[in-house]
Amino acid sequence: MRFCRKLPISFLTVMTKNLIAILVICLFSISVCGAQVKPPAPFGPVPSENQMRWHEMEFYAFLHFSLNTYTDHSWGFGNEDINLFNPTNFDAREWVRVCKESGMTGVILTAKHHCGFCLWPSKYTDYSVKKARWKNGQGDIVRDVAKACKEYGLKFGVYLSPWDRNRADYGKPEYIQYFRNQLTELLTEYGPVFEVWFDGANGGTGYYGGANEDRKIDSKTYYDWKNTYALVRKLQPKIVIWNDGGDRGDLRWVGTESGYVGETNWSQLNSTGEVGWGMLHFGLEGGDSWVPAEVNTSIRPEWFYHPIEDSKVKTVPQLLDAYYASIGRNATFLLNFPIMPDGTIHPTDVKHAVEMGKVVKQTFAVNLAEHAKVEASNTRGGSKTFGPQNLLDGKKETYWATDDNVVKASLTIEFSKPTLFNRFVAQEFIRLGQRVKGFTVEANVDGNWKELAGGSTIGYKRILRFPAVTATKVRFNITDSKAPPVISAVGLYNAPLILDAPLITRNRQGEMAIASGDVGPHFYYTLDGSTPTVKSAHFTGPVPTGDGKVVVKAIAEDPATGKISPVAQENFDICRKDWKIVGVTGDQPYALLDGNPATSWKQPGSMKLPIDLVIDLGRDQTLAGFKYFPDQGMWGPGALTQYEFYVSKDNAKWTLVDKGEFSNIKNNRVWQIKKFAPAMGRYFKLRALGNTDGNNEVGYAEVDVITK
Ligand code: FUL
């Protein structure tokens, strides 16, 4: 004060003016540039740099190849002859090319599976390619795949089975040194490795150097994971570790190999304590460590190649389902190709994977929201630095954030013209943790808001599918969040629909339904045998079709492009509502009459072939044939091969009217149709005499008759 009093008035006036100016500039920069607004503090655990790089890889391949490729087994015992290994057409570049064309960013190769056979010439064992006749022992699959990855710009990873059914010392302390020696070879001699996969299957029967016995280990303690991990991280500082059954790694299994993770998917687990199935599948909200999910599944039922599965390759819609149920749910997608004995990937697997990759690329090529106007209900400090325009700038490091006390917020995207879309994508800025617990997406159609879809968690990436809609505005509402939301990207896309001929079914009550493997096509149908067009009846729900025969024809239309599918046709015979299954037991035998090809019945395991399926039609019919649709499940029971078909008026005296086989059913599990000379009866008996798997289990998805 004393100091002030001594100063001249003019000086004080200048000072005040300057102070005001500085204040104005500060306020201006806070509100306009946001330079002074603090970024949100991290919430809970956050990913490491290695995990972050891995999240961004999204989609990569598993390649399963070993001696069991040649024995048609899932797991080798450890005593298989090395000379079986002879991939005459092997070309690693071809494998990697297929992966790249499918949209993948890396591969993980089974360098050593449980049988112990090494795809590289390990110094520490003779049970490897170096002792094979293939390439006179000079071959090295690991080297060739790593090299091809480098050439094609894909990352390389290794699967090294901790369990080794060949080694005499497996189960003893010495084996740990052997295991680490092999890890050292793989992690030092083949360039950068992005992921190492330590399989959870550990210990059991095996060859074990000739001991042929059962060996049990404790997978939590035996491998001394702490030091094993330290070695891995020392040799490859940028690696991520997958481990199921042992110590917690950097990534987690999702509790199923069927190709999906929970719709709610937190990227956290606790660092200690048991991890149950629920935690694997949904993560642990509030867990203290960042342990994100990797969805691993095979393009076929099994991991290794089995010719019997040539007809069971996942279709493009099935692969897309897995894509949306993994990458679309905050996980990565690890899709396996079983390598064939000649060292190539089966052409069907290649076709389906590449086609799926194309569809994905096409779908996400253009973000329709890119040039739209975005407005947020709240923006952190009103600052542009954290403004909603960051969601559309394509930059990973920018984000939209709200004020610290705001956990519910919405974002409105306004197009310059009505826009058609069927996919919504959102990404959280996970470097600051995972926060969102609930959200919805609405569209403004003709002036009215309509909810399109919603979800719980978002995480690194969340994708929602819904039928295509044309709208002028879209609203993304965050309805629940553990902390103020921090979102790095949103997108709206219009996926091309997969227009396969639709599936027509008729249930036991005679109601007809139409469906397709995709979300959103419109269906049109006829019941009079004429070819359907978009002017035919529009299918909006089950259609009663009466008790008699009916021919249904249907098409699917992509409302966005006007493209239509090939025509599907089903010739339904008499309605099955009065039919009764007599003389068989087991769970839900009526699944074979429900018209739903996805449900099936199989006899209880106690029944041995021949097995009689007897059905009471409710009244006399003139039968002239029958139809059988085998179980379609990837892991389902075998299909009927040899059969006899009988007709009876009284369920006592039977006449054999047909017998034979379904010759190609093993390779092609489609409807089997048999016709015979007309015979009158109220009952029929389908006698199963053989199945595709050479055991007693026969699966029936549907059984039907052809009447005269
Ligand atoms: C499982 C293994 O036992 C299978 O053979 C396969 O390698 C799969 C990826 O993991 O646990």
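Reader: Which oxygen atom lies 3.5 Å from a polar side-chain atom of Tyr 159?

Author: This is a predicted model, and in it the atom in question is an oxygen atom of the ligand. Two further side chains approach the ligand through polar atoms. An N or O atom in the side chain of Trp 75 is 3.0 Å from a ligand oxygen, and for the side chain of His 113 the corresponding distance is 2.9 Å. The protein covers 89% of the 290 Å² of accessible area that the ligand has on its own.

Reader: Which residues surround the ligand, and how do the residues of this shell divide into nonpolar, polar and charged?

Author: The surrounding residues are Phe 62, His 64, Trp 75, His 113, His 114, Tyr 159, Trp 197, Asp 199, Ala 201, Glu 257 and Trp 303. Six residues of the shell are nonpolar, three are polar and two are charged.

Reader: How should one read a helix such as H8, and which of its residues are buried?

Author: One may begin by listing the residues that count as buried, those under 20% relative accessible area, and then ask where they lie around the axis. In H8, which runs over residues 225-235, the buried residues are Trp 225, Thr 228, Tyr 229, Leu 231 and Val 232. They lie on the same side of H8, because the arc they cover around the axis is only 155°. The exposed residues Lys 226 and Lys 234 are carried by the face turned away from that buried side.

Reader: What covers the buried residues of H8?

Author: The cover includes helix H7 (173-188), strand S4 (195-198) and strand S7 (240-243).

Reader: Which residues are buried in helix H3, and what follows that helix?

Author: Helix H3 spans residues 49-57, and its buried residues are Asn 50, Gln 51, Met 52, Trp 54, His 55 and Met 57. After H3 comes Glu 58, with a positive phi near 60°.

Reader: Where does Ser 456 lie, and is Ser 456 buried or exposed?

Author: A loop residue is placed by naming the elements on either side, and its accessibility is then read separately. Ser 456 belongs to the loop between strand S16 (448-455) and strand S17 (462-481). Ser 456 counts as buried because its relative accessibility is 12%. The side chain of Ser 456 is joined to that of Thr 264 by a polar contact of 2.7 Å. Leaving aside residues up to four places away in sequence, Ser 456 touches Glu 263, Thr 264, Val 436, Lys 437, Gly 438, Phe 439 and Arg 462.

Reader: How is Leu 686 to be read, and in which strand is Leu 686 found?

Author: The same steps serve here: place the residue, then consider its accessibility and its neighbours. Leu 686 is found in strand S31, residues 672-688. With a relative accessibility of 0%, Leu 686 counts as buried. Its C-alpha atom is 5.7 Å from that of Asp 612, although the two residues are 74 residues apart along the chain. Beyond residues up to four places away in sequence, the residues that Leu 686 touches include Ile 611, Asp 612, Leu 613, Phe 626, Leu 640 and Tyr 643.

Reader: How many helices and strands are there in the chain, and what can be said of the chain as a whole?

Author: The chain has eleven helices and 32 strands. Its C-alpha trace spans about 125 × 70 × 45 Å along the principal axes. Of its 708 residues, 55% count as buried. Among contacts between residues at least 6 apart in sequence, 73% join residues at least 24 apart. The chain exposes about 30400 Å², of which carbon and sulfur atoms supply 53%.

Definitions and conventions: Residues are numbered from 1 along each chain as its sequence is written. This is a predicted model: local features need pLDDT of at least 70, side-chain atom pairs count only at pLDDT 80 or more; totals for chains, interfaces and linings use all residues. Side-chain values use heavy atoms; hydrogens and water are left out. A residue is near a molecule or strand if one of its heavy atoms lies within 4 Å of it. A polar contact is a pair of N or O atoms within 3.5 Å; within protein, one must be able to donate a hydrogen and the other to accept it, and residues adjacent in sequence count only if both atoms are side-chain atoms. Accessible areas come from the Shrake-Rupley method with a 1.4 Å probe; for residues, only the protein chains shown count as cover. Ala, Val, Leu, Ile, Met, Phe, Trp, Tyr, Cys and Pro count as nonpolar, Asp, Glu, Lys and Arg as charged, and the others, Gly among them, as polar. Buried means under 20% relative accessible area, exposed over 50%, partly exposed in between (1.4 Å probe, protein chains only). Helices (H or I, at least four residues) and strands (E, at least two) are DSSP runs, numbered from the N terminus. The arc is that of the directions from the helix axis to the C-beta atoms. Contact means heavy atoms within 4.5 Å.
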